[in-house]
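Here are some exercises to help you find your way around a new structure. Try each task yourself before you read its solution.

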Amino acid sequence: MKKLPFTKEQIESLLERHKSPLYIYDEAGIRNFAKELKNTLSWVEKGGYKNYFAVKACPNPHILKILKEEGMGADCSSMAELVLAEKVGLRGEEIMFTSNDTPLEEFQKARELGAVINFDDITHLDFYLENIGQLPELVCFRYNPGNLKEGNEIIGNPVEAKYGLTKEQLFQAYEKASKNGAKRFALHTMVVSNMLDINYHADTLKMLLDLSREIKERLGIELEFLNIGGGLGIPYQPEEKALDLKELSVALESEYKNHLQKGGSAVRIVSEYGRAVTGPYGFLITKVLHLMRKYKDYIGVDASMSNLMRPALYGAYHQITILGKEDMSATHKYDVVGSLCENNDKFAIDRLLPEAEVGDILVLHDAGAHGYAMGFQYNGKLRSAEFLLTKDAKFRQIRRAETLDDYFATLDWNQINS
Ligand SMILES: Cc1ncc(COP(=O)(O)O)c(C=O)c1O
């Protein structure tokens, strides 16, 4: 079972003051990962490696601030994410705007911030030129390799995916951008999600490096950086092993050296990892409300899929610890469920756990990315609070829990009652 950065007593004390469920993020874990990632990839040339943290994974400004301090930029996909990046002081090319089916006002905001705009479709160039005018000096395009890559369940197969430009469109797009004032160019792809296989990531870099040489040959354009996207996996399942960053780095560097040997130019490599940065360092804390026996045994908790949707959405697995019962045998088989009127509101199905009791505190592991962020209010459920477990082992509230007033804030009761 995975180790926790807090004790049962600390959580009990926190829950005396704050309502369950709630999220906790471990600052030390996040900072250590960020440092290790940066150090391991320090061989990257030309201004070095940078991770643009995928804000969608954990859109809390306190977390973004920590990551900014650790040298990360922000990968934003919407207006709110651009504003979050702006609020923590990220500017210009510290922000990557990777969006699709993009609304005009988001292009405008990205331009106002001087963000790197990553165009997702060839028609977006005309859309931008017609509605905004002059292209930015630096433009990036998202490449969809079609059947050259397989993708996976979360992100889909590239041939079926709505994202990015085909190879031929890519050549046309660079030419067009160049004719319309762009002076600096970059290339992006995002072909997989939650991938633990290092070879897959190295192969993605190889694909982009090969393409960069082809672009140089055909168009005479030197790319300034390659963005290998997000998708670094984390071990959700007990039998999975964490990806070794040093091995990843060696595999990437080997592809990079091959590229130089083939006459390729030095190019910066960047990524937009989200899950690997905060995922393992976030925990959803929830209390057992009811133990229910029907055709199966159920643990009913006070969180629901509105707090953590991944299990219901993808059948995702999150390890569960019952605090104080870490050393007890997992003798009972349970479905762990929330209270939504959806039968797939389940955090676990047929999970072997120690015998649970009403009032037990459950910890759902690896909830720090695409967890709180995917929350919603269906069934009138309110979003929980978020806490940072600081480096000096204190809990700091970094977002309060929603109240009924928040839920009703967009309604005008006077209209209803008149
Ligand atoms: C364009 C883009 N970049 C980066 C990410 C982050 O991926 P991950 O959190 O798996 O690293 C995503 C995730 O959906 C994405 O869509």
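We call a residue buried if 20 or more other C-beta atoms lie within 10 Å of its own, exposed if 12 or fewer, and partly exposed in between, with C-beta atoms placed from the backbone. The model is predicted, so local features need pLDDT of at least 70 and side-chain atom pairs count only at pLDDT 80 or more, while totals for chains, interfaces and linings use all residues. Residues are numbered from 1 along each chain as its sequence is written.

**Exercise 1. Is Asp101 buried or exposed?**

Start with the location: Asp101 sits in the loop between strand E4 (95-98) and H5. (Helices, H or I with at least four residues, and strands, E with at least two, are DSSP runs numbered from the N terminus.) Next, count neighbours: Asp101 has 9 C-beta neighbours inside 10 Å, so it counts as exposed. Finally, check the backbone: phi of Asp101 is near 50°, a positive value in a residue other than glycine.

**Exercise 2. Work through Ala393 in the same steps.**

Ala393 belongs to the loop between E16 and strand E17 (395-399). It counts as exposed because there are 12 C-beta neighbours inside 10 Å. Its phi is near 60°, a positive value in a residue other than glycine.

Here's the background for those phi values: most residues other than glycine have a negative phi, and most peptide bonds are trans.

**Exercise 3. Which peptide bond leading to Pro21 is cis?**

Go to the loop between helix H1 (8-17) and strand E1 (22-26), where Pro21 lies. Now look at the bond from Ser20 to Pro21: it is cis, with omega near 0°.

**Exercise 4. Describe the surroundings of Gly371.**

First, place Gly371 in the loop between strand E15 (361-364) and strand E16 (385-389). Then count: 26 other C-beta atoms lie within 10 Å, so Gly371 is buried. Now list its contacts (two residues are in contact if their C-beta atoms, placed from the backbone, lie within 7 Å). Setting aside neighbours within four places in sequence, Gly371 touches Tyr23, Gly282, Leu284, Leu308 and Arg310. As a last step, take a distance to Arg400, which is 29 residues away along the chain: the two C-alpha atoms are 16 Å apart.

**Exercise 5. How do H4 and H5 pack?**

Two packed helices are described by the angle between their axes and the distance between the axes. Axes are lines fitted to C-alpha atoms, for helices over the stretch in contact, and angles run from 0 to 180 degrees between N-to-C directions.

Helix H4 (residues 79-87) and helix H5 (residues 104-113) pack at about 15°, and their axes are 9 Å apart. H4 and H5 are therefore roughly parallel. (Under 35 degrees counts as roughly parallel, over 145 as roughly antiparallel, 65 to 115 as roughly perpendicular, and the rest as oblique.) On H4 the contact uses Met79, Leu82 and Glu86, and on H5 it uses Glu105, Glu106, Lys109, Ala110 and Leu113. Sorted by class, that is four nonpolar, no polar and four charged residues. (Ala, Val, Leu, Ile, Met, Phe, Trp, Tyr, Cys and Pro count as nonpolar, Asp, Glu, Lys and Arg as charged, and the others, Gly among them, as polar.)

**Exercise 6. Treat H8 with H9, then H7 with H8.**

Helix H8 (residues 198-219) and helix H9 (residues 245-261) pack at about 25° with axes 9 Å apart, so H8 and H9 are roughly parallel to each other. Among the residues in this contact are Ile198, Leu205 and Leu209 of H8 and Leu248, Ala251 and Tyr256 of H9. The classes come to eight nonpolar, three polar and three charged residues.

For helix H7 (residues 167-179) and H8, the angle is about 55° and the axes are 11 Å apart. That is why H7 and H8 are oblique to each other. Phe171, Tyr174 and Glu175 in H7 meet Ile215, Arg218 and Leu219 in H8. By class, this contact has four nonpolar, no polar and two charged residues.

**Exercise 7. Step back to the whole chain.**

Count the elements: there are 13 helices and 17 strands. Then get the extent: along its principal axes, the C-alpha trace spans about 70 × 60 × 45 Å. Finish with burial: 43% of the 418 residues count as buried.
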